[in-house]
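Good morning, and thank you for making time for this item. I should like to take you through one structure, and I ask you to keep the display in view as I speak.

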Amino acid sequence: MLSVLDLAGSDARTEEDIFTGVSQSMPLGRVYGGQVLAQSLVAAARTTPVDRHVHSMHGYFLRPGDSAKGITFAVDRIHDGRSFSTRRTQAYQEGVPIFSMIASFQDEDPGIDHQAPMPEGVPAPDELPDIESHLHGLHPMSKRLFTDRPVDLRHVPSPIYLTVEGERSPSQAVWMKVRRPIPDSPAIHRAALAYLSDLTVQESILRAHGIAWATRGLKVASLDHAMWYHRFGRVDEWMLYVQESPSARGGRGLATGRVYSHDGTLLASVAQEIMVRVPEAG
């Protein structure tokens, strides 16, 4: 994960700043959306002062990327003010845009402070089975999607990879963290949080209808992704990702999430709309 987030600068110059990157190898050959999202944030942050951090981003997934091919990131320095900077990042493969994002960065300023509390009664991560415990009977190629991830996930109440257990509720919670300590750079932790934020947020939509990821013929694609960073937190420590879906209709579903540190500090809010097509029963 850290290697794909370490973008290279380019000698090519237009009116935009140009960076290049590679993708993690994926069993199905498609670029993971959270990866290109995180890379786009890294590219944008490279063009802002080091003490000005991202506080919001809004991105659209335009085309599926090929994980075997490189990605070019073009950053447009839209605005630099006294406290805020705005950047637009376009990610390209072979000259065609696959992702487009606008992000805003801000100096650390004092101000009013409140947050929604973390839900009570959620089991601690060490009380929950690890992800490998839920993959019995899964094809080895499919297992790689989970075991090769740099992320440890613990679902509440349980994952929906093969089946959906319990009631059909449009909500769930997921404990998550990267598996190894990473550098102290706030920019890297914020980018890594973007990477993690796309892994499971869609599942509140599927859980509401009892649809497992393994459902034959199921098609799911992320359409957009919005994220607001409230407070700094480390992604190599446990975080609770509380997710819910307020609506699904017309082949689209909306999912929202809140990310808390282990001690209950609200770190970020997330919203994503997905395309979801479920095969007809029978």
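I shall discuss the strands, then the cavity and a pocket, and finally three individual residues.

A word on the source: this is a predicted model, in which local features need pLDDT of at least 70 and side-chain atom pairs count only at pLDDT 80 or more, while totals for chains, interfaces and linings use all residues. Residues are numbered from 1 along each chain as its sequence is written, and side-chain values use heavy atoms, with hydrogens and water left out.

Let us begin with the strands. Helices (H or I, at least four residues) and strands (E, at least two) are DSSP runs, numbered from the N terminus, and two strands pair if DSSP finds at least two bridges between them. Strand β6, residues 96–107, runs antiparallel to strand β3, residues 52–61, and nine bridges join them. Within β6, Q106 stands opposite H53. Strand β5, residues 84–93, also pairs with β6 in the antiparallel sense, over ten bridges. Here R87 is opposite A103 of β6. The hairpin of β5 and β6 has two residues between the strands, and E94 takes a positive phi near 50° there.

I turn to the enclosed and open spaces. Both are found on a 1 Å grid over the protein atoms alone: a cavity is a set of points where a 1.4 Å probe fits but cannot get out, and a pocket is an open set with protein on both sides within 12 Å along at least five of seven lines; lining residues have an atom within 4 Å of a point. Grid points are joined across faces, edges and corners, and a volume is the space filled by probe spheres set on the points.

How many cavities of 30 Å³ or more does the structure hold? There is one. The largest cavity holds about 30 Å³ of space, and its lining consists of H189, R190, L193, Y229, R231, F232 and G233. Helix α4, residues 186–197, gives the most to that lining, with three residues.

The second largest pocket has a volume of about 630 Å³. Of the 21 residues that line this pocket, Q106, E108, Y229, H230 and R231 lie nearest its centre. The elements giving two or more residues to the lining are β3, β6 and β10, the last spanning 224–229. Strand β3 supplies the largest share, three residues.

Finally, three residues. Buried means under 20% relative accessible area, exposed over 50%, and partly exposed in between (1.4 Å probe, protein chains only). Contact means heavy atoms within 4.5 Å.

Is D17, in strand β2 (residues 17–21), buried or exposed? D17 counts as buried, because its relative accessibility is 16%. Its side chain makes a polar contact of 2.8 Å with the side chain of R77. A polar contact is a pair of N or O atoms within 3.5 Å; within protein, one must be able to donate a hydrogen and the other to accept it, and residues adjacent in sequence count only if both atoms are side-chain atoms.

Q39 belongs to helix α2, residues 33–45, and is buried, with a relative accessible area of 0%. Not counting residues up to four places away in sequence, Q39 touches V4, L5, L7, G21, V22, I71 and F73.

A173 lies in strand β8, residues 171–178, and is buried at 9%. H155 is 18 residues from A173 in sequence and 6.2 Å away in space, C-alpha to C-alpha.
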